[in-house]
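Here is a short set of exercises to work through with the coordinates open. Try each task before reading its solution.

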Amino acid sequence: MGILDEPVRGLIPPAWFHALSGLDRMRAWAANLVPAPPITRLVGLRAVHIGPGLTIGSMPAHEMVGGINGQLEIWPLVGAVLGGALTTAVGPGQTVKPLAFSVNNFRPTRPGTGNILARARVVNASSLFAYAEVMVEDSEGRQLAHGGGQGAIVPVDPTPPPPPVPLEPIESPSWATPDPWQRPTVTNVPFAAWETTNGVDVITAISAGTLHVPLLALLGGRLEHVSRGTVIVSIPASEWFCSHSHEVTSGVIAALANSAGWACGLTMQRAGETFAGLEVAVRFHRQVLADGRPLRATARQEAEADGVITASTTVCDADGTLIATHNAMGALIDNARPHRIV
């Protein structure tokens, strides 16, 4: 039985939650005045600090969140803190619809001890839109990535009922087994494989189940197609991926698209090379309910010039409706000449 086959841990906040101002919503979540949502139980997300226009969050640097490239997948954390900061800019009965998030990567994000920390703050907000920037750092304070996010401010429909007064802290339930992110991980692809094997062969082995990726196990992911320059990855639209509504979070959708984009870029990597991710942009076209049906990300190489590769990814629901698009750029680096792009 896979993780997503287990009963969901955590709860979507009650309807009255959205009658609070956005700032009070985020503070209620941080203070355990509402249940922890499922996505926090899945990957270990935690609110560190909430303030006007500010959200600081953390995620354990646990191997269970290790992606296809062996690095930690930071998009669940980035999506959560950007969404949290943008939410602090809305009033009662309003919510934020994600429109576009972007990230520039500075250094590899490796699994290890401690937490990955992300700080997001609102740069500008109007009655219709809000924009926030985010900085991501590791447990030693080294900057890993910088990005930003744009969201539309929209009314909650239907109008939420008034919240109870006063709000009282709730007791978090306990389970007989650790939360998914705390469990022993499946073995990730050994780094030596990238030194001795062409990337397309490594990704094909992952698709066949010969090699295993922790993040795919955590998200119920499956590589449906692999060829040089094209990859299709699917995950179920699970309730485990929900936060403050019954829709799949932007962070999980971005993580799905990013996994496909990374896998696509890695199929172009030759033995003895490293594929370094540089920048990513995700645009959200519509939200999708956590109905359990598959979400598919199709990534294709768009261009390669002087070792720099661009790829585009589309994410569609089970009906083929476009959910999100993802554009990424990376570079192939010859390990024998680490300062030269080939």
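**Exercise 1. Find which residue stands opposite Ala125, and place that pairing in its sheet.**

Solution. Start with the partner: Ala125 stands opposite Ala130 in E5. Helices (H or I, at least four residues) and strands (E, at least two) are DSSP runs, numbered from the N terminus. The model is predicted, so local features need pLDDT of at least 70 and side-chain atom pairs pLDDT 80 or more, while totals for chains, interfaces and linings use all residues. Residues are numbered from 1 along each chain as its sequence is written, and side-chain values use heavy atoms, with hydrogens and water left out.

Next, look along the two strands. Val122 stands opposite Ala132 in E5. Eight bridges join E4 (residues 115–125) to E5 (residues 129–137), and these strands run antiparallel. Two strands count as paired if DSSP finds at least two bridges between them. A hairpin of three residues connects E4 to E5.

Then turn to E2, which pairs with E4 in the antiparallel sense over seven bridges. Here Leu54 stands opposite Arg121 in E4.

Finally, widen the view. Twelve strands form an open sheet with antiparallel pairing, in the order E1-E2-E4-E5-E6-E3-E9-E12-E11-E10-E8-E7. E1 and E7 (222–227) are the edge strands, each pairing on one side only. From one strand to the next, the twist averages 20 degrees.

**Exercise 2. Decide whether Ser58 is buried or exposed, and list its contacts.**

Solution. First locate Ser58: it sits in strand E2. Its relative accessible area is 3%, so Ser58 is buried (buried means under 20% relative accessible area, exposed over 50%, partly exposed in between, with a 1.4 Å probe and protein chains only). Now leave aside neighbours within four places in sequence: Ser58 is in contact with Gly44, Leu45, Arg46, Val48, Leu77, Asn115, Ile116 and Leu117. Contact means heavy atoms within 4.5 Å.

**Exercise 3. Find the aromatic pairs and classify their geometry.**

Solution. A pair of aromatic rings is described by the distance of the centres and the angle of the planes. Rings of Phe, Tyr and Trp (its six-membered ring) pair if their centres lie within 6.5 Å; planes under 30 degrees apart count as stacked, over 60 as edge-to-face and the rest as tilted. A search of the whole structure gives two such pairs.

- Phe101 and Phe284: the ring centres are 5.3 Å apart and the planes lie at 75 degrees, so this pair is edge-to-face. Phe101 is in E3 (residues 94–105) and Phe284 in E9 (residues 273–284), and the pair links distant parts of the chain, 183 residues apart. Both Phe101 and Phe284 are buried.
- Trp262 and Phe275: the centres are 5.4 Å apart and the planes at 90 degrees, so this pair is edge-to-face. Trp262 belongs to H7 (residues 250–266) and Phe275 to E9, so the pair ties together parts 13 residues apart in sequence. Trp262 is buried at 13% relative accessible area, and Phe275 is buried at 10%.

**Exercise 4. Describe how H3 and H7 cross, and which residues make the contact.**

Solution. Begin with the geometry: the axes of H3 (residues 75–87) and H7 come within 7 Å and cross at roughly 145 degrees. Axes are lines fitted to C-alpha atoms, for helices over the stretch in contact, and angles run from 0 to 180 degrees between N-to-C directions.

Next, the residues. H3 contributes Trp75, Pro76 and Gly79, while H7 contributes Ser250, Gly251, Ala254, Ala255 and Asn258.

Last, the classes: the contact of H3 with H7 has four nonpolar, four polar and no charged residues. Ala, Val, Leu, Ile, Met, Phe, Trp, Tyr, Cys and Pro count as nonpolar, Asp, Glu, Lys and Arg as charged, and the others, Gly among them, as polar.

**Exercise 5. Check the backbone for cis peptide bonds and for positive phi at Asp306.**

Solution. Take omega first. A cis peptide bond joins Asp157 and Pro158, with omega about 5 degrees. The bond from Val165 to Pro166 is also cis, with omega near -5 degrees. Pro158 lies in the loop between E6 (143–155) and H4 (191–196), and Pro166 is found in the loop between E6 and H4.

Now phi. Asp306 is not a glycine, yet its phi is positive, about 55 degrees. Asp306 is in the loop between E10 and E11, and at 70% relative accessibility it counts as exposed.
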